[in-house]
Amino acid sequence: MPCDDFYADWAQANFGLAEAGKLFAAGPVLSPDGKAPIGSLLLIEAKDEAEVREIMAGDPYDKVGLFETLTIMPWRKVFSHPDVGGPP
């Protein structure tokens with residue numbers, strides 16, 4: 001999928017976010033048939049909404065105006081498999 005390459009480029013450009021434990025996962029939200037990207041999902045570790053907005057300001061989709069909206073919701077990790085990684 002073309003969006004996979006785009007997110008790979010984004011992740012490479014923002015590798016410091018992952019290394020710093022700020023970016024847990026990112027990728028496209030797909031249509032029910034799995035063929036078309038219809039949004040994006042990023043799991044970001046941040047101290048507050050302002051930090052999330054700062055991180056998202058660097059997202060290339062946002063820079064070119066592809067996001068109509070940005071929804072920020074709190075999330076609490078309860079479990080992750082050690083092989084998957086991410087913040088404890």
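Leaving aside neighbours within four places in sequence, Ala36 is in contact with Val29, Leu30 and Ser31. You will find Ala36 in the loop between β1 (23-30) and β2 (37-44). With a relative accessibility of 33%, Ala36 counts as partly exposed, because that class covers the range between the 20% limit for buried and the 50% limit for exposed. Keep in mind as you look around that this is a predicted model.

One of those contact partners is worth following. Val29 lies in strand β1 and, at 35% relative accessibility, counts as partly exposed. Together with Ile38 and Leu41, Val29 makes a nonpolar surface patch of about 280 Å².

Let's step back to the whole chain. It holds four helices and two strands, and from the N terminus on the elements run α-α-β-β-α-α. Of its 88 residues, 17% count as buried. The chain exposes about 6,600 Å², and carbon and sulfur atoms supply 56% of that area. If you take the contacts between residues at least 6 apart in sequence, 34% of them join residues at least 24 apart.

How far does the predictor trust its own model? The average pLDDT of the chain is 79, and 74% of the residues score at least 70. Confidence is lowest in helix α1 (residues 2-13), where the mean is 62, and highest in α3, where it reaches 90.

Now turn to the inside. In soluble globular proteins, nonpolar side chains tend to be buried together. Here the largest nonpolar core consists of six residues: Leu17, Leu23, Leu42, Val52, Ile55 and Met56. Helix α3 (residues 49-56) gives the most to this core, with three residues. Take Ile55 as an example: not counting residues up to four places away in sequence, Ile55 touches Leu17 and Ile44.

Helix α3 also has charged residues to look at. Side chains of opposite charge can pair when their charged atoms come close. In this model the count comes to two salt bridges. For one of them, start at Glu51, which lies in helix α3. Is Glu51 buried or exposed? Its relative accessible area is 14%, so Glu51 is buried, the cut-off being under 20%. Not counting residues up to four places away in sequence, Glu51 touches Lys22, Glu45 and Ala46.

With Lys22, Glu51 forms a salt bridge in which the closest N and O atoms are 2.7 Å apart. Lys22 sits in the loop between α2 (15-19) and β1 while Glu51 is in helix α3, so this pair ties together parts that are 29 residues apart in sequence. Lys22 counts as partly exposed, at 24% relative accessibility, whereas its partner Glu51 is buried.

The other bridge joins the side chains of Arg53 and Glu49, at 2.9 Å from N to O. Arg53 and Glu49 are four residues apart in helix α3, so about one helical turn separates them. Both ends of this bridge have some access to the surface: Arg53 counts as partly exposed at 40% relative accessibility, and Glu49 is partly exposed with a relative accessible area of 41%.

To draw this together, look once more at helix α3. This helix gives the most residues to the largest nonpolar core, holds Glu51 of the bridge to Lys22, and contains both Arg53 and Glu49. Helix α3 is also where the confidence of the chain is highest.

Methods: Residues are numbered from 1 along each chain as its sequence is written. This is a predicted model: local features need pLDDT of at least 70, side-chain atom pairs count only at pLDDT 80 or more; totals for chains, interfaces and linings use all residues. Side-chain values use heavy atoms; hydrogens and water are left out. A nonpolar core is a set of buried Ala, Val, Leu, Ile, Met, Phe, Trp, Tyr and Cys residues joined through side-chain atoms within 4.5 Å. Buried means under 20% relative accessible area, exposed over 50%, partly exposed in between (1.4 Å probe, protein chains only). Contact means heavy atoms within 4.5 Å. pLDDT is the predictor's confidence in each residue, from 0 to 100. Accessible areas come from the Shrake-Rupley method with a 1.4 Å probe; for residues, only the protein chains shown count as cover. Patches are made of residues with over 30% relative accessible area and no salt bridge: like charges are joined within 9 Å, nonpolar side chains (Val, Leu, Ile, Met, Phe, Trp, Tyr) within 5 Å. A salt bridge is a side-chain nitrogen of Lys or Arg within 4 Å of a carboxyl oxygen of Asp or Glu.
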